[in-house]
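These are my notebook entries on a protein model, taken in the order in which I looked things up. I began with strand pairing and then turned to helix packing.

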Amino acid sequence: MAPDTQMNPVVIVGAAIIVVTGVMSVLVDVDFGILALQAAVPMLIGVGLVSYGRLRSDGVAATSQRTVLKWTVTGFLAFVILGAWFGEMASRADSSILLSMTGSLSVGAALGTVIGVYAARLRRTNEELAETVSELERANERLTMRNEQLDQFVDVASHDLRNPVNVAKGRIELARRESDSEHLETADAALTRMEALITDLVSLTKAGDRIDEVAPANLEAVSRSAWGSVDTGDASLRVETEIAISADESRLRQILENLLRNSVEHGGEDVTVRVGAIPNGFYVEDTGAGIRDDLRDRLFEDGVTTGEGGAGLGLTIVKQIATAHGWEIGVEQSAEGGARFAFTGVEFPDG
């Protein structure tokens, strides 16, 4: 049952007091003046509790009925004892009115003290909570500012790094017209690798750890689009599903690009990559050599790579984006002995 549909225990206690007082008023045989005097206080208490429970009491009491009613019963039993004591003293003709008044005032003072202690603790807790919230807000502002500074730095750095790389690649193309040297091929490969590293570093910084908005994304269409962005050589792609998933399409494409590139680079020239659906997500697998057992548990850590010369950032980006979506990744061996990445916890727009 939802909290807003539960009966507030404060209302329950107040209503019980009103009912009991009304029944007792009918059963007792006293003058109307005495009846009104004696029934006034419990009736006012009952009405006050019902009003407070309906108008002022928050949802905490409604969701904690057992706790509230436990203390109600505790207070009830305590005052049963006190009521019996007061009744016994009142029935004795030789009892002291002053001592009875002292006892009554002592109970009121003790009750007020307990409430005061509770109020003081509640006030202190609220002050500490407010201070904690303020600290969190300040920390969030500092973090946001640092993220913005980091984004600016990455944009500038990547731009400044790409410019000399592009110049060097242009010079290599001009040099090839004059001389076809194997050294030029090696230099061009190194510059191409540097471009890939810059792209990975920018992607890792921009990926973030939160996805603000998702929409239906057709897994087949995004997979084929990602495949077109990867140097695939003689490799082949098989998409064995037409489902749509709830995702940030741009980030999903990043995941697929990195996984497809990883399969082509490490799976061999004629590797086959498959993308398919599972009951609670999707998978990407290949027919390559697979992943060594000693790397499987550390595969998504920065700098861990399955090949030579890699920076080990591609799968880190995959993990970061998947986590931002709320997905889990499982690394397994495919039926052909290659690598299989299974994404679970994925939501489908069709329900």
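Which residue in β5 is the bridge partner of Ile-278? I looked up the pairing and found Gly-281. I note at the outset that the model is a predicted one.

Entry 1, the hairpin. I followed β4 into β5 and found that they form a hairpin with two residues between them. Their pairing is antiparallel and extends over six bridges. I then checked how far β4 is covered: six of its seven residues are buried.

Entry 2, the other partners. I looked at what else β4 pairs with and found β2, which runs parallel to β4 and is joined to it by four bridges. Within this pair, Leu-237 has Val-273 of β4 as its bridge partner. On the β5 side, residues 281-286 pair with β7, residues 339-344, in the antiparallel sense over five bridges. Gly-281 appears again here, with Thr-344 in β7 as its bridge partner.

Entry 3, the whole sheet. I assembled the pairings into an open sheet of five strands, ordered β2-β4-β5-β7-β6, with mixed pairing. The edges are β2 (236-239) and β6 (328-333), each of which pairs on one side only. Ignoring direction, I recorded an average turn of 15° between neighbouring strands of this sheet.

Entry 4, a helix on the sheet. I asked which strands helix α7 lies across. Residues 219-227 form this helix, and it lies across β2, β4 and β5, running at about 170° to β2.

Entry 5, helix against helix. I next examined α7 with helix α8, residues 249-267; they pack at an angle of about 55° and their axes are 8 Å apart. Angles of 65 to 115 degrees would count as roughly perpendicular and those under 35 as roughly parallel; α7 and α8 are therefore oblique to each other. I entered their crossing as right-handed.

I listed the residues that meet at this contact. From α7 they include Leu-219, Val-222 and Trp-227, and from α8 they include Leu-252, Leu-256 and Leu-260. Charged residues of α8 also take part, among them Glu-249 and Arg-253. By class, I recorded eight nonpolar, two polar and three charged residues in the contact.

Entry 6, the protein overall. I counted 10 helices and seven strands in the secondary structure. Of the 351 residues, 29% are buried. Finally, among contacts between residues at least 6 apart in sequence, I found that 69% join residues at least 24 apart.

How values were computed: Residues are numbered from 1 along each chain as its sequence is written. This is a predicted model: local features need pLDDT of at least 70, side-chain atom pairs count only at pLDDT 80 or more; totals for chains, interfaces and linings use all residues. Side-chain values use heavy atoms; hydrogens and water are left out. Two strands pair if DSSP finds at least two bridges between them. Axes are lines fitted to C-alpha atoms, for helices over the stretch in contact, and angles run from 0 to 180 degrees between N-to-C directions. Contact means heavy atoms within 4.5 Å. Angles under 35 degrees count as roughly parallel, over 145 as roughly antiparallel, 65 to 115 as roughly perpendicular and the rest as oblique. A crossing is left-handed if the near helix is turned anticlockwise from the far one by less than a right angle, and right-handed if clockwise. Buried means under 20% relative accessible area, exposed over 50%, partly exposed in between (1.4 Å probe, protein chains only).
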